Amino acid sequence: MTIMPSNKADVTASNLREVLSHYLTGVTIVTVTKPDGTPYGLTVNSFNSVSLAPPLILWSLDNKNSNLGLFENTAGFAINIMAADQIDLCRRFAGKDSDRFVGVDWTFGTSGHPLITHALAHIECRPWQTYAGGDHTIFVGEVIHAQHLSDRPAAAFFKGQLGQYES
Ligand SMILES: Cc1cc2nc3c(=O)[nH]c(=O)nc-3n(C[C@H](O)[C@H](O)[C@H](O)COP(=O)(O)O)c2cc1C
């Protein structure tokens with residue numbers, strides 16, 4: 001019997017979402033300062049490293065996000081790598097709260113974008129390249145400043161649940 005290889009796609013969105021949910025990730029909050037000076041941020045687990053020389057990272061944003069234009073036109077953004085004891089904040093920055101930064105300790109980084117105090121690490125970027133990625137837009141950022149702040153357990157995302165990873 002000859003088995004013919006097939007490259008016909010047979011994946012559905014719900015099938016893919018379920019399969020990918022078994023890939024454990026960390027959790028970040030990506031932040032940007034709007035032109036009017038107010039902070040915006042959202043919870044993101046599509047963050048990943050890309051290159052050391054030049055220093056590049058990436059993350060992707062749903063094209064339905066109303067702040068897509070903000071990230072397409074910004075001169076930079078910041079990645080906050082979140083700790084397990086900041087899971088409530090990760091939930092808030094993925095939810096309907098209109099002012100997500102109320103009561104949150106944060107400062108402006110050297111690049112002018114919000115850095116969440118007590119995050120595990122801060123990564124400040126300027127735009128490198130933007131790519132169309134289906135229903136998401138992929139932002140590759142050039143890292144201009146990176147700082148590790150704490151060794152507390154990390155926030156993690158697995159099978160649709162926020163949890164914690166401890167080394
Ligand atoms: C753990 C987790 C990871 C997420 N990762 C992403 C992501 O990588 N990209 C994205 O566009 N939305 C992601 N989201 C959803 C956004 O956080 C959410 O849609 C966003 O906060 C909506 O913001 P808005 O109300 O300002 O449009 C994630 C949500 C959670 C809970």
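**Exercises on strands and ligand**

Val-143 in strand 10 is the bridge partner of Cys-125. The model is predicted, with local features needing pLDDT of at least 70 and side-chain atom pairs pLDDT 80 or more, while totals for chains, interfaces and linings use all residues. Residues are numbered from 1 along each chain as its sequence is written, and side-chain values use heavy atoms, without hydrogens or water.

**Exercise 1.** Determine how strand 9 is joined to strand 10 and to strand 6.

*Solution.*
1. Strands are DSSP runs (E, at least two residues) numbered from the N terminus, and two strands pair if DSSP finds at least two bridges between them.
2. Strand 9 and strand 10 (residues 136–148) run antiparallel and are joined by twelve bridges.
3. These two strands form a hairpin with two residues between them. Gly-134, in the turn, has a positive phi of about 65°.
4. Strand 6 (residues 77–81) also runs antiparallel to strand 9 (residues 121–133), with five bridges joining them. Within this pairing, Ala-78 has Glu-124 of strand 9 as its bridge partner.

**Exercise 2.** Establish the strand order of the open sheet of three strands and identify its edge strands.

*Solution.*
1. The order in this open sheet is 1-11-12, and the pairing is antiparallel.
2. Strand 1 (25–26) and strand 12 (161–165) are the edge strands, since each pairs on one side only.
3. Two bridges connect strand 1 with strand 11 (residues 154–158) in the antiparallel sense. The bridge partner of Gly-26 in strand 11 is Ala-156.

**Exercise 3.** Describe which residues and strands surround the ligand, and which atoms lie at short distances from its oxygen atoms.

*Solution.*
1. A residue is near the ligand if one of its heavy atoms lies within 4 Å of it. There are 15 residues around the ligand, of which Tyr-40, Thr-43, Ser-46, Asp-62 and Phe-93 come nearest.
2. Strand 3 (39–44) and strand 5 (56–62) each supply at least two residues of this shell. Strand 3 gives the most, with four residues.
3. Polar contacts with the ligand are pairs of N or O atoms within 3.5 Å. A polar side-chain atom of Ser-46 lies 2.6 Å from a ligand oxygen atom. For Thr-43, a backbone N or O atom lies 2.8 Å from an oxygen atom of the ligand. The side chain of Asn-65 has an N or O atom 3.3 Å from an oxygen atom of the ligand.
4. On its own, the ligand has 640 Å² of accessible area, and the protein covers 74% of that area (Shrake-Rupley method, 1.4 Å probe).

Note on methods:
Polar contact = N/O pair within 3.5 Å; in protein donor to acceptor, adjacent residues only side chain to side chain.
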